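Reader: I am new to this. Please take me through the terms one at a time, and show me how each label is earned.

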Amino acid sequence: MVEKGDHRFLTKMKAKSSMKLIMINGPMGVGKTTVGKYIAEKYAGTAFIDGDWCLDLHPFVGNCETKTMAIDNILHMVRNYKNCSLCKMIVLVWLMDEKWVHQKVFDGIHDLGLEIKNVTLICEKDTLVNRWNNDKNCEWRTKEWLEISLKSLPFFSSMENCIDTDKLNIDMISKRIMCEL
C-alpha cells in the first residue's frame, strides 16, 4: 500500500508512465531525418516531427522571429501528440544550430512533462560531403548550404550526447539512440 507521503513511489510511477521524446539534432545532411523516420517506422505508435515543417517560409528566413515561431509550432505539435491516446513516443528532428534554440525547445518539451532523450548526430567532413552528394531528394543540397553545414561541424561536435555516425549504418545509429530508453 502506498502511503500518502511516499513521493518516491509516485515519482517512479510517473517517470515510467511518461511519454518519451527523442530529440535529434545535428548539421544539415548528417542524417537526422533519415534516422528519425527509421525509428518512427520501426516502433508502433511513434509520431515523427521534422522541425523544418514548422519553418517552411519562402524565401527561407532563419532569424530570431522565425525560429521562435518554429519553436512554438513544434511545441504545439508535441503537445497534441502527447494528448493522443495512440501516440506512445515522439521523434523530433531539427537543426538547432544556436544554443538558445536548443534550450528553448528542450525546456518547452520538459515543461510538457515528457521524458527527453537528446542526441546530436555528427560525422567527419568527408562523410558529410559524401552523404550530401548522394542525397538527390532534398532541395537544400546546394554548394552554398554544404559550406554552411561544414562550418557548423565544430559547434555540433561540442554538444553533449553526440553520436559519431561515421562507419555506422542506420540500424546501428538507431540502436545506439534507443538503447537507453
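Author: Start with two helices. Helix α5 (residues 125–134) and helix α6 (residues 143–157) pack at an angle of about 150°, and their axes are 10 Å apart. This is a predicted model: local features need pLDDT of at least 70, side-chain atom pairs count only at pLDDT 80 or more, and totals for chains, interfaces and linings use all residues. Residues are numbered from 1 along each chain as its sequence is written, and side-chain values use heavy atoms, with hydrogens and water left out.

Reader: What makes α5 roughly antiparallel to α6?

Author: The angle does. Axes are lines fitted to C-alpha atoms, for helices over the stretch in contact, and angles run from 0 to 180 degrees between N-to-C directions. Under 35 degrees counts as roughly parallel, over 145 as roughly antiparallel, 65 to 115 as roughly perpendicular, and the rest as oblique. The angle here is about 150°, so α5 is roughly antiparallel to α6.

Reader: Which residues of α5 and α6 meet?

Author: From α5 come K125, L128, V129 and W132; from α6 come W145, L146, S149, L150 and L153. Contact means heavy atoms within 4.5 Å. By class, that contact has 7 nonpolar, 1 polar and 1 charged residues. Ala, Val, Leu, Ile, Met, Phe, Trp, Tyr, Cys and Pro count as nonpolar, Asp, Glu, Lys and Arg as charged, and the others, Gly among them, as polar.

Reader: Now the sheet. Why are β2 and β5 said to stand at the edges?

Author: The open sheet has 5 strands in the order β2-β3-β1-β4-β5, with parallel pairing. β2 (46–50) and β5 (162–164) each have a single partner strand, so one side of each is left without a neighbour in the sheet.

Reader: How do you know that β2 and β3 pair?

Author: Two strands pair if DSSP finds at least two bridges between them. β2 and β3 (residues 89–93) have 5 bridges, in the parallel sense. T46 stands opposite M89 in β3.

Reader: What are helices and strands in these terms?

Author: They are DSSP runs, numbered from the N terminus: helices are H or I with at least four residues, strands are E with at least two. Helix α4 (residues 99–111), for one, lies across β1 (20–25), β3 and β4 (115–122).

Reader: Why is I39 called buried?

Author: Buried means under 20% relative accessible area, exposed means over 50%, and partly exposed is in between (1.4 Å probe, protein chains only). I39, in helix α2 (residues 32–42), has 0%, so I39 is buried. Not counting residues up to four places away in sequence, I39 touches I22, I24, M89, V91, S174, I177 and M178.

Reader: Is T66 buried or exposed?

Author: T66 sits in helix α3 (residues 64–82). Its relative accessible area is 7%, so T66 is buried.

Reader: What makes N161 partly exposed, and K167 exposed?

Author: N161, in the loop between α6 and β5, has 45%, so N161 is partly exposed. K167, in the loop between β5 and α7 (170–178), has 84%, so K167 is exposed.

Reader: What is phi in N161 and in K167?

Author: Most residues other than glycine have a negative phi, and most peptide bonds are trans. Phi of N161 is near 60°, a positive value. K167 is not a glycine, yet has a positive phi of about 65°.

Reader: Which peptide bond is cis?

Author: The one from H58 to P59, with omega near -5°. P59 lies in the loop between β2 and α3.
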